[in-house]
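User: I would like a close look at a single part of this structure. Please explain, step by step, how that part is arranged and what stands around it.

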Amino acid sequence: MTRRFTCQISIFALSFLILLLSFFVNQILYPYTRNSTSPVSSPEETAPTNHIIRFFQYKKAQDLREYLERNVKSNGWKWVERHNPAMKFPTDFALVSIEERLKEFLVGEFEKLELVKDVSLDVSYQRGVLEEKAVGAFVDGKKRPGKIFTAMSFGEGENSTAPVANTSGVRINWRRNLMMQKSQVTSLFGADALWSKGYTGAKVKMAIFDTGIRANHPHFRNIKERTNWTNEDTLNDNLGHGTFVAGVIAGQDAECLGFAPDTEIYAFRVFTDAQVSYTSWFLDAFNYAIATKMDVLNLSIGGPDYLDLPFVEKVWEITANNIIMVSAIGNDGPLYGTLNNPADQSDVIGVGGIDYSDHIASFSSRGMSTWEIPHGYGRVKPDVVAYGREIMGSKISTGCKSLSGTSVASPVVAGIVCLLVSVIPDNKRKEILNPGSMKQALVEGASKLSGPNMYEQGAGRVDLAMPVIFNVTILNGMGVIGYVESPPVWHPSSEEGNLLSIHFTYSDVIWPWTGYLALHMQIKEEGVHFSGEIEGNYQIPTWLYPERFIGCQERHPGLAWRSLAYNFHIMFNMLRDAGYYVESLGSPFTCFDANKYGTLLLVDLEDEYFAEEMTKLKNDVINNGLGLAVFADWYNVDSMMKMKFFDDNTRSWWTPVTGGSNVPALNDLLAPFGIAFGDKILNGDFVINGEQSRYASGTDIVKFPEGGYLHSFPFLDSSESGATQNVLLSGMSKADSPILGLLEVGGGRIAVYGDSNCLDSSHMVTNCYWLLKKILDFTARNIRDPVLFSDSSRQDKTLHVDDKQLPSRRTDVNFSTYSAVVSKELICRSDSRFEVWGTKGYDLHVRGRNRRLPGYAVIDVGRVLNSTLEIPLDFPELVASHWLIPAIVAISGLLLLWSFWKIRQKRRRRRKGASSSRSPNP
């Protein structure tokens, strides 16, 4: 009995151990299974999504379908039919529906095909209502990051909503109260002068991509074609925006005249009544515009997503086919860097808005373009500005109304373009005109406005009364800046040269990015009947600055700047006016030769640093005498966790990945010099050297070497930990905190300051340019201000805290998603000197792997990008394997248990048989 009981216990224990083993195998191999998303958990995650498959060639849609079905036989996808006029022509893309659980596998299969260029999500854009009460570019007094889809200006005084990328459930509502002043914008540009000469836009094919237009509208005499590219069965405009835009371009009503009333209107309805559109609709409509040979295309809509590659590259194709595209720059002003796409593309005429006093409209988006900023300078945008406030245009059925916005300024320029195109005989237009020549004509003929800068007005207000202007390029072999000392002088080669009346206009300073010299030429009355060639030359007395002074003592004008952004443009101008030669460093520190610069200026940096950068910077400062000036900002993990912002690009809420600057990374960079910042968020006013200054959300210095100079002031700590302490220590809310440090180390000099807001024109309360100049005097030329280097501020002992008390990095986010350093390869790009292109830099000449410049990571625009979102480690394709191995182990255990049971049963039967045979007979 005891042995049988022991055997049962052993079998039970073995079975229990096998099941327990299967559980632990499951937990060890797949620790994230509990957090994984089940493939049937929600309709949103299992519903198929449409994807655009682009091809290298144009073919009939049916041929592309057969090609895909022949080569990708897997289930989980199906062809999506597109019923629109473009299907009469060959196409270069297909639209397919892909099940979410097989998305990664199927996209990979499609991209393996020889004829397939790439596969991307068919992005949806729509207009909606945001539950939060947020108006403009600020939420709760804080600047909102990113940009929103260009708002269409609907109605007079009613609420209008802005189209947004359909990547979350968050929506936004815009309210604009439009004034009722009625103005005839055509008269302001002198369009009637061209009308009197018979130029009214005749035989110009004008494509209007908008909300459509109604047939037989009384304001238009030449509606050639209306096409619908949406999923709604109508050609009519039920919103009014498309009709209004068409009226500004080609209306003939006396109350709201358009610029070119005889222009042939081709209305492309690309938005539904619900104000929804898709990338695929635009691609088909663009292809149709190319096939039908449009002359001009107006797009009074746009968005922030210049990474929607199919859309962006199709715009390039549009302009490459000699179609002049005009687009609204966006209604996201007055902040800089808020340009909308496609108006921010160099081949598109981007239009900003001004009022009737020639002031930049507050809503008009500003440059510079943001595409190139990670690697240097952005481009100047908008290209031109036009009147965009209270412009009169056509209503849906009849009558006129006034609207405001850059979506109104865009058709003003489009109408002017139609007028100018009609001046050229239609049989020669394609030979003479192209997007480049038209853009040049508008830019060169624009009138510069006295107040706004180039990132607000571009070339200036567009002007129809253009003189003959020639481009002049000044080749400055010595440097980047020059002055025109006196007016240029015309020297004709013969007597006939005096028949020309030549005048010059020029900027006082010739910069590479804004200086100009224009030659205005007219024929005098006595030369009306002259026929022949006139030759001559002109002299331009100029004074050119050299790029860099010769000799090590004069190295200080060279300044490398790591953080050049649109909100530091005033600081940039100040440094240039002070005589510094500023270069933006878009590549790692290993990619610049420190011997050619006086100071490395680091402002408001948020990324990490390669180990090679830290090593080289230490050597550059100590051994090569490079100056280092650092302007940091706040960093506090507890405060970051409680912050919440609305991201206009992704339509989602997020918490910041880092603070105003990445203090842990800066501390690593400054560690060799014994310097570190803390995690306080300090606010308050202070006076230094007689200058009243504001310390706005800056941090403190917690480590600094003996012998340096350190300045402390009483501030309020508004961080989460500081606020708690202030409550506990009521009446002692302010304490002295070190914020400015200056140190000489080896052959170099270092200055650190805990606040960069005083250099940021977007957040500035009071500027600290005076302090920056004194810091650069010290780091570049060892000129020491008596106040900054007073004996009272000299450190007699080292300021020190344990490294464990320094600010730490957030562990709940995957920083590599946002970083150009983490999990990336160190490489010198084309913004560095040629000799280190494609290498790891000076003294590290190891060739890197081939990289696709400008280096943007591939982004799945179909997902909501949220900086606090943890990246899941499991994928739908691997879900089966999560239970497969544990199931096999469990089944094996059960089979083993069943085998033991069978053996036990046989033994029991044998014992019974043996017992029966030994029983006595009755």
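Analyst:
**A parallel sheet and its surroundings**

Helix H10, residues 406-423, lies across strands S11, S15, S16, S17 and S18, and runs at about 160° to S16. Angles over 145 degrees count as roughly antiparallel, so H10 and S16 are roughly antiparallel in direction. The model under discussion is a predicted one.

The strands beneath H10 belong to an open sheet of seven strands with parallel pairing, in the order S12-S13-S11-S15-S16-S17-S18. Each of the edge strands, S12 and S18, has a single partner strand, so one side of each is left without a neighbour in the sheet. From one strand to the next, the twist averages 25°. In general, strands of a sheet pair through backbone hydrogen bonds, which may be parallel or antiparallel in arrangement.

One pairing in this sheet can be followed in detail. S11 and strand S13 (residues 264-269) run parallel and are joined by six bridges. The bridge partner of Asp210 in S13 is Arg269. Helix H8 also packs on this sheet, where it touches S11, S12, S13, strand S15 (296-299) and S16. The direction of H8 makes about 175° with that of S11.

H8 has a helical neighbour as well. The axes of H8 (residues 279-291) and helix H9 (residues 309-320) come within 10 Å and cross at roughly 10°. Angles under 35 degrees count as roughly parallel, and H8 and H9 are therefore roughly parallel to each other. On the H8 side, the contact is made by Thr279, Phe282, Leu283, Phe286, Asn287, Ala289 and Ile290. On the H9 side, the residues in contact are Pro310, Phe311, Lys314, Val315, Glu317 and Ile318. By class, this contact of H8 with H9 has nine nonpolar, two polar and two charged residues.

The loops of the parallel sheet deserve attention next. The loop between strand S16 (324-328) and strand S17 (349-354) contains Pro342. A cis peptide bond joins Asn341 to Pro342, with omega of about 15°. Pro382 is found in the loop between S17 and strand S18 (384-387). The peptide bond from Lys381 to Pro382 is also cis, and its omega is near 0°. A further backbone feature is located in the loop between strand S11 (205-210) and strand S12 (223-228), which holds Asn216. Asn216 is not a glycine, yet its phi is positive, at about 60°. Such features stand out because most peptide bonds are trans and most residues other than glycine have a negative phi.

The sheet also takes part in enclosing an internal space. The structure holds three cavities of 30 Å³ or more, and the second largest has a volume of about 60 Å³. The second largest cavity is lined by Asp295, Asn322, Ile324, Val421, Arg429, Lys430, Leu433 and Asn434. Of these lining residues, Ile324 belongs to S16, while Val421 lies in H10. By class, the lining has three nonpolar, two polar and three charged residues.

The path followed by H8 leads to another sheet. Four strands form an open sheet with antiparallel pairing, in the order S2-S3-S1-S4. The edge strands are strand S2 (77-79) and strand S4 (116-121), each of which pairs on one side only. The twist of this four-stranded sheet averages 30° from one strand to the next. Strand S1 (residues 49-59) runs antiparallel to S4, and five bridges join them. Within that pairing, His51 stands opposite Leu121 in S4. Helix H4 (residues 103-111) lies across S1, S2, strand S3 (91-98) and S4, running at about 155° to S4. H8 packs on this sheet too, touching S1 and S3, and its direction makes about 160° with that of S3. H8 thus packs on both the antiparallel sheet and the parallel sheet.

A hairpin completes the description. Strand S19 (residues 391-394) and strand S20 (residues 400-403) pair in the antiparallel sense over four bridges. Gly393 has Lys401 in S20 as its bridge partner. Five residues lie between S19 and S20 in the hairpin, and Gly399 in the turn has a positive phi of about 90°.

Key:
Residues are numbered from 1 along each chain as its sequence is written. This is a predicted model: local features need pLDDT of at least 70, side-chain atom pairs count only at pLDDT 80 or more; totals for chains, interfaces and linings use all residues. Side-chain values use heavy atoms; hydrogens and water are left out. Axes are lines fitted to C-alpha atoms, for helices over the stretch in contact, and angles run from 0 to 180 degrees between N-to-C directions. Helices (H or I, at least four residues) and strands (E, at least two) are DSSP runs, numbered from the N terminus. Angles under 35 degrees count as roughly parallel, over 145 as roughly antiparallel, 65 to 115 as roughly perpendicular and the rest as oblique. Contact means heavy atoms within 4.5 Å. Ala, Val, Leu, Ile, Met, Phe, Trp, Tyr, Cys and Pro count as nonpolar, Asp, Glu, Lys and Arg as charged, and the others, Gly among them, as polar. On a 1 Å grid over the protein atoms alone, a cavity is a set of points where a 1.4 Å probe fits but cannot get out, and a pocket is an open set with protein on both sides within 12 Å along at least five of seven lines; lining residues have an atom within 4 Å of a point. Grid points are joined across faces, edges and corners, and a volume is the space filled by probe spheres set on the points. Two strands pair if DSSP finds at least two bridges between them.
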